Amino acid sequence: MSSRFYSVLLLSILIACSPPEKEENPKEILANQMEEHLKTEVLDKWYPQAIDTVDGGFLSNFSYNFIPGDKQEKMIVTQSRHLWTNAKASLKYPEVDYYKQGAEQGFIFLRDQMWDYEYGGFHWLVDKQGNQIGDPMKTAYGNAFGIFALAAYYNASKDEAALKLAKEAFYWLENHAHDSINGGYYQHLNPNGTPISRPLETPSTSDLGYKDQNSSIHLLEAFTELYLVWPEPIVKRRLEEILLLIRDQIVTDKGYLTLFLSPEWKPITFVDSTEEIIAAHHLLDHVSFGHDVETGFLMIEASEALGRKNDSTTHKVAKKMIDHALENGWDEAVGGFYDEGYYFRNGYRVTHDTKNWWAQAEGMNALLLMAELYPDDFRNYYGKFEQLWKYTDTYLIDHEHGDWYSGGLDKQPELKTVGKGNIWKGIYHHYRSLDHCIDRLREMSERME
């Protein structure tokens, strides 16, 4: 027989005896799909286009097909979220230079244009060039996002000027917005930093003068980010304080957040009123499933930053919040968290069955976290996470023009041609969710091998 025959025979034997090729883990496959979406359909659509190379900071307004709008107002929340995203992306994708450039430019705009050099604190709204416009009132919520972004930028760049401004903003809040008697922070402040009190009158549809869950959870988020780069005792005390306020006072016994409260932390509720009055005041009093699942994650993140090992109380409350959202605000048919519900005197029901984009983003992050912490729970968190990703891929992601619609098309098909960007809709919620889910899926995949 020829030598070629023996070579072919030997090769056949080696192939037959070789171990089968290792199959790729389904979680790794999903992580790769999500990262491809993050890079090509989210980040590449926003940046570098949203970086305002003329006036600094970031453009906010974009059409459904990502054409920049003529009017470009700049809000502290949006600018901070873009800065935070670019700082985080510069670490995740260091080979992309414009994330570093965008983060640096975003920091300079916050420092030079959005910071109030007369009274301190961040302006709420400026025009494209950075001139203060609109109501000059300041908020703890807006300043929290400024701190959040500056801490992330310092972590990415090690620019001491960013940490200096983050400290200044923290102390401005400490000296003006912190309630030394009842704890927590006043949300609304005059331009000079004086808290705006609530008039003693019949409650109106305005939230002016109330304390609230939304500013509280984002102060928690901001102080968590700040404490990681500046572990000062005062930051630790305020982080612990706001964590306990949220966990033990703002979260109700049922497992959802009270939206608004008096300065003494008395819940604002209209449950004893007529349904017409309840509907008129729904912005002040309802169950917000998106905030609930987001807060569950933020509380665990804060507890871990504080170094609390085996924090069973925080984990129990966070799980309770996410379980409540699944039991009362989850669409069993196609997936997704509804926007609002309400506990009327005659029973609970969903009051707004739309599904905004940020709640689904926060929901994916929270469900995957629960799947990691409680893999054997009968609620099947991982299955719900997969269902929510399928819902997002089907009804929220615009595979033609990029990014996410502002709400699920199964409930609001008209949103298909509504703008992708404005001062309230940017990239931060779904960037954070996708980033965390990608990393967590890969960690879970490695542990299975």
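1. In this predicted model, strands S8 and S9 pair in the antiparallel sense, and five bridges hold the pairing together on paper. A hairpin of two residues joins S8 to S9, and within the pair Gly 341 stands opposite Val 350 of S9.

2. The S8-S9 pair belongs to an open sheet of three strands, ordered S7-S8-S9, with antiparallel pairing. Its edge strands are S7, residues 287-288, and S9, residues 347-352, each of which pairs on one side only. Helix H11, which covers residues 312-329, packs on this sheet and touches S7, S8 and S9, while its direction makes about 80° with that of S9. Strand S8, residues 340-344, is also paired with S7 in the antiparallel sense, over two bridges, and there Val 287 stands opposite Gly 341.

3. Helix H10 runs over residues 289-305, and at 1.5 Å a residue its 17 residues should span 24 Å, which agrees with the 25 Å that separates its end C-alpha atoms. Of those 17 residues 15 are buried, so H10 is largely enclosed by the rest of the structure. After the helix comes Gly 307, whose phi is positive, near 80°.

4. The largest pocket deserves a look alongside H10. About 1000 Å³ of space lies in this pocket, and 31 residues line it, those closest to its centre being Tyr 141, Asn 214, His 291, Trp 358 and Trp 424. The elements that give two or more residues to the lining are helix H7 (213-229), H10 and helix H12 (357-373).

5. Enclosed space is a separate matter from the pocket. The count comes to one cavity of 30 Å³ or more, and the largest cavity has a volume of about 40 Å³. Its lining consists of Thr 78, Arg 81, His 82, Ile 423, Trp 424, Lys 425, Gly 426, Ile 427 and Tyr 428. Helix H3, residues 76-92, gives the most to this lining, with three residues.

6. The loop between helix H2 (26-46) and strand S1 (74-75) is where Pro 48 is placed, and the peptide bond from Tyr 47 to Pro 48 is cis, with omega near 5°. Phe 66 is found in the loop between H2 and S1 as well, and its phi is near 65°, a positive value in a residue other than glycine. With a relative accessible area of 6%, Phe 66 is buried.

7. Lys 158, which is not a glycine, likewise has a positive phi, of about 60°. Its place is in the loop between helix H5 (140-157) and helix H6 (160-176). The relative accessible area of Lys 158 is 48%, which means that this residue is partly exposed, since exposed is reserved for values over 50%.

8. Gln 132 is found in the loop between strand S2 (125-126) and strand S3 (138-139), where it is partly exposed, with a relative accessible area of 33%. Leaving aside residues up to four places away in sequence, Gln 132 touches His 123, Leu 125 and Val 126. The C-alpha atoms of Gln 132 and Ala 149, which are 17 residues apart along the chain, are separated by 20 Å.

Key
Residues are numbered from 1 along each chain as its sequence is written. This is a predicted model: local features need pLDDT of at least 70, side-chain atom pairs count only at pLDDT 80 or more; totals for chains, interfaces and linings use all residues. Side-chain values use heavy atoms; hydrogens and water are left out. Two strands pair if DSSP finds at least two bridges between them. Helices (H or I, at least four residues) and strands (E, at least two) are DSSP runs, numbered from the N terminus. Contact means heavy atoms within 4.5 Å. Axes are lines fitted to C-alpha atoms, for helices over the stretch in contact, and angles run from 0 to 180 degrees between N-to-C directions. The expected span of a helix is 1.5 Å times one less than its number of residues. Buried means under 20% relative accessible area, exposed over 50%, partly exposed in between (1.4 Å probe, protein chains only). On a 1 Å grid over the protein atoms alone, a cavity is a set of points where a 1.4 Å probe fits but cannot get out, and a pocket is an open set with protein on both sides within 12 Å along at least five of seven lines; lining residues have an atom within 4 Å of a point. Grid points are joined across faces, edges and corners, and a volume is the space filled by probe spheres set on the points.
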